[in-house]
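I opened the model today to go through its pockets, helices and sheet. My notes follow in the order I looked things up.

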Amino acid sequence: VYMDSYYMDKFQVPVAKYRKFAKMTDHFMRDQPIYSRDNHPVVNVDWNDANAYCRWVGKRLPTEAEWEKAARTGIENNSGVVDFGELDECAWYEYNSNGQTHAVGEKKPNEYGLYDILGNVFHWVSDWYSKDYYKYSPNHNPTGPSSGSQRVFRGASWSCDERRCSYTFDRSSAAPDYTNFNFGFRCAISGRG
C-alpha cells in the first residue's frame with residue numbers, strides 16, 4: 001500500500017488540550033477517570049468528539065492505513081508484531097499500567113518519533129469499518145469504505161494483554177457514538193509540498 005506524505009501528532013491528545021477545545025467550542029466533555037491528569041490522554045471520547053477536535057485544530061483523524069504504517073515502523077520482517085521484550089519500553093498495557101492511563105510521552109517513541117502508538121489508549125481513526133475492505137481496497141491512499149455503521153479503532157490500551165498490545169495489525173470497530181475509558185485519539189495532517 002502506498003500513501004502520500006502525511007504527519008501524525010507525536011502524542012495522543014491530552015486532557016488539557018481537549019478541555020480547552022471543549023471550553024472554547026461549548027463541546028461537551030465527558031468525565032475523565034479520577035487518576036487522570038492534564039497530561040494524560042483524553043478518554044471517554046467517541047469518534048464524533050475525536051473528529052470534531054481534529055477539525056478544530058486544522059487537522060484530521062488519520063486513516064487506518066496511515067495509522068498502521070506509523071505503528072509498523074522498525075518492526076523486523078514487517079511482521080506487524082512487536083517483540084514482547086521490547087513492549088515494556090514503548091507501551092502501557094495490562095502488565096505495567098497499574099490499571100490506568102499514564103502521561104503521554106513517558107515511554108520510548110517508535111522510529112517515527114511517535115509516542116504511545118501502541119498501548120495507553122486505543123486510537124480512533126477516520127475509516128468506516130468493513131471486515132473485507134483490504135481484500136479490495138485501492139493500493140494508493142486507501143481511506144476505507146464510503147459508509148458503514150461502525151468506525152475503526154486501532155492499537156491497544158492500558159487494559160490489553162501483551163499479545164493484543166503487540167499486534168499492530170489488530171483491527172476493531174465500534175459505533176461512532178461509543179465511549180469508553182480506554183478510547184482516545186491523535187491527529188494527522190496531509191503532507192505539504
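**Entry 1: the second largest pocket.** I am working with a predicted model. I looked up the volume of the second largest pocket first and got about 260 Å³. The lining has 12 residues, and the closest to the pocket centre are Val1, Ala65, Glu68, Lys69 and Arg72. I then asked which element gives the most to this lining. Helix H3, residues 64-72, does, with 4 residues. I sorted the lining by class and found 7 nonpolar, 1 polar and 4 charged residues.

**Entry 2: helix H3.** I stayed on H3 and checked its burial. I found 8 of its 9 residues buried. They are Glu64, Ala65, Glu66, Trp67, Glu68, Ala70, Ala71 and Arg72. Next I looked for what covers them. The cover includes strand S1 (6-8), S2, helix H5 (133-136), S3, strand S4 (171-174) and strand S6 (188-190).

**Entry 3: helix H2.** I moved to H2, residues 47-56. Its buried residues are Trp47, Asp49, Ala50, Asn51, Tyr53 and Cys54. Helix H1 (15-25), strand S2 (122-128) and strand S3 (151-154) are among the elements that cover them. I also looked at what follows the helix. Glycine 58 comes after H2, and its phi is positive, near 80°.

**Entry 4: aspartate 46.** I wanted to know what sits at the start of H2. A side-chain oxygen of aspartate 46 reaches to within 3.0 Å of the backbone nitrogen of asparagine 48 there. Aspartate 46 itself belongs to the loop between H1 and H2. Is aspartate 46 buried or exposed? Its relative accessible area is 5%, which is under the 20% cut-off, so I logged aspartate 46 as buried. I listed its contacts, leaving aside neighbours within four places in sequence. Aspartate 46 touches Arg30, Trp124, Pro176, Asp177, Tyr178 and Thr179.

**Entry 5: valine 57.** I looked at the loop between H2 and H3, where valine 57 is found. Its relative accessible area is 32%. That value lies between the 20% and 50% cut-offs, so valine 57 counts as partly exposed. I also took a C-alpha to C-alpha distance from valine 57 to histidine 40. The two are 19 Å apart in space and 17 residues apart in sequence.

**Entry 6: the sheet.** I traced the strand order next. An open sheet is formed by 4 strands in the order S4-S3-S2-S5, with mixed pairing. S4 and strand S5 (183-184) stand at the edges with a single partner strand each, so one side of each has no neighbour in the sheet.

I then took the pairs of S2 in turn. S2 and S3 run antiparallel, over 3 bridges. S2 and S5 pair in the parallel sense over 2 bridges. I noted that strands of a sheet pair through backbone hydrogen bonds in either sense.

**Entry 7: residues along S2.** I checked partners residue by residue. What stands opposite histidine 123 in S3? Arginine 154 does. In S5, the bridge partner of histidine 123 is glycine 184. Tryptophan 124 stands opposite phenylalanine 153 in S3. Tryptophan 124 also appears in the contact list of aspartate 46. Last, I checked how covered S2 is: 6 of its 7 residues are buried.

Key:
Residues numbered from 1 in each chain as written. Predicted model: local features only at pLDDT ≥ 70, side-chain atom pairs only at ≥ 80, totals over all residues. Heavy atoms only, no water. Buried < 20%, exposed > 50% of the residue type's maximum accessible area, 1.4 Å probe, protein only. Contact = heavy atoms within 4.5 Å. Polar contact = N/O pair within 3.5 Å; in protein donor to acceptor, adjacent residues only side chain to side chain. 1 Å grid on protein atoms, 1.4 Å probe; cavity = no way out; pocket = protein on both sides within 12 Å on 5 of 7 lines; lining within 4 Å. Points joined across faces, edges and corners; volume = space filled by probe spheres on them. Nonpolar A, V, L, I, M, F, W, Y, C, P; charged D, E, K, R; others polar. Pairing = 2+ DSSP bridges.
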